[in-house]
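Here is a set of short exercises to work through at your own pace. Please keep the viewer open beside you and try each task before you read its solution.

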Amino acid sequence: MDGTGKKFSLQDSVGHQITRTARIVERRVEEDLRRFGLTRVGWCVLVAVSEEGKKNPSDIANFVGIDRTATSRALRQLENDGLILREMGRDDRRTTEVRLTELGQTQFAAALPFCRAASVHFHKKLSQAELETLKVLLAKLAADELP
């Protein structure tokens with residue numbers, strides 16, 4: 001106890017419940033991604049580039065919700081694995097543009113059904129209304145906070 005008379009209940013902590021649930025979901029997704037040599041962050045970067053058309057590292061970082069250092073680390077790993085190319089910007093040579101290689105496109109396409117299946121697995125546990133409410137509540141908790 002901290003002297004206030006009331007003990008801290010970890011199980012009642014929203015932060016603990018969110019973190020615990022996130023780890024459960026991540027573990028399931030990462031198990032599937034591992035067979036493709038991908039991490040969850042690497043997968044998110046591939047989604048940003050392939051599905052969302054994000055080309056520069058800042059846009060990728062903002063989309064994925066990670067800082068530039070983590071983005072650089074993920075891009076370096078994906079580049080070393082031959083899944084992406086980083087090139088000088090076409091319009092502005094001071095910028096970097098990211099694109100998937102042929103291998104990156106192949107790996108992305110191969111991993112996509114597994115990631116969709118993991119998403120469906122967890123979405124099926126909730127009704128459509130519950131899922132929408134959860135998204136709204138999570139967005140509300142994250143509003144005005146740093147990424």
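The exercises below go from the whole chain to single residues.

This is a predicted model, in which local features need pLDDT of at least 70, side-chain atom pairs count only at pLDDT 80 or more, and totals for chains, interfaces and linings use all residues. Residues are numbered from 1 along each chain as its sequence is written, and side-chain values use heavy atoms, with hydrogens and water left out.

**Exercise 1. The fold in outline**

Task: work out the order of helices and strands, and say how spread out the chain is.

Solution. Start with the inventory: the chain has six helices and two strands. Here helices (H or I, at least four residues) and strands (E, at least two) are DSSP runs, numbered from the N terminus. Next, put them in sequence order, which gives α-α-α-α-β-β-α-α. Now turn to the radius of gyration, taken over C-alpha atoms, and the globule rule, which is 2.2 Å times the number of residues to the power 0.38. For 147 residues the rule gives 15 Å, while the chain has 19 Å, well over that value, so the chain is more spread out than a compact globule. Finally, look along the principal axes, where the C-alpha trace spans about 60 × 35 × 25 Å.

**Exercise 2. Surface, contacts and charge**

Task: describe the chain by its burial, its contacts, its surface and its charges.

Solution. First, burial: 26% of the 147 residues are buried, where buried means under 20% relative accessible area, exposed over 50%, and partly exposed in between (1.4 Å probe, protein chains only). Second, contacts, defined by heavy atoms within 4.5 Å: among those with a separation of 6 or more, 43% join residues 24 or more positions apart. Third, the accessible surface is about 10,500 Å², and 52% of it belongs to carbon and sulfur atoms; the method is Shrake-Rupley with a 1.4 Å probe, and for residues only the protein chains shown count as cover. Last, the 24 positive and 21 negative charges have mean positions 4 Å apart. For that count, Lys and Arg are positive and Asp and Glu negative, with His and the chain ends not counted.

**Exercise 3. Checking a helix and what follows**

Task: test whether the length of helix H6 agrees with its residue count, then inspect Asp144.

Solution. Helix H6 covers residues 128–142, which is 15 residues. The expected span is 1.5 Å times one less than the number of residues. That comes to 21 Å, and the end C-alpha atoms are 21 Å apart, which agrees. Moving on, Asp144 sits in the segment after H6. Its phi is near 65°, a positive value in a residue other than glycine. Asp144 is also exposed, at 82% relative accessible area.

**Exercise 4. Two residues in helices**

Task: compare the surroundings of Thr71 and Arg40.

Solution. Begin with Thr71, which belongs to helix H4 (residues 68–80). Its relative accessible area is 0%, so Thr71 is buried. Beyond residues up to four places away in sequence, Thr71 touches Pro57, Ile60, Ala61 and Ile66. Then take Arg40, in helix H2 (residues 40–50). Arg40 has a relative accessible area of 27% and so is partly exposed. With neighbours within four places set aside, Arg40 contacts Glu26, Glu30 and Leu33. Its C-alpha atom is 9.9 Å from that of Ala74, 34 residues apart along the chain.

**Exercise 5. Sequence distance and space**

Task: for Gly82 and Arg90, set the separation in sequence beside the distance in space.

Solution. Gly82 is in the loop between H4 and strand E1 (84–88), and at 26% relative accessibility Gly82 is partly exposed. From Gly82 to Thr101 is 19 residues in sequence and 6.9 Å between C-alpha atoms. Leaving out residues up to four places away, Gly82 touches Thr101, Leu103 and Gly104. Arg90 lies in the loop between E1 and strand E2 (96–100) and is exposed at 59%. Arg90 and Thr133 are 43 residues apart in sequence, with 42 Å between their C-alpha atoms.

Technical notes. The place of a charge is taken as NZ of Lys, CZ of Arg, CG of Asp or CD of Glu.
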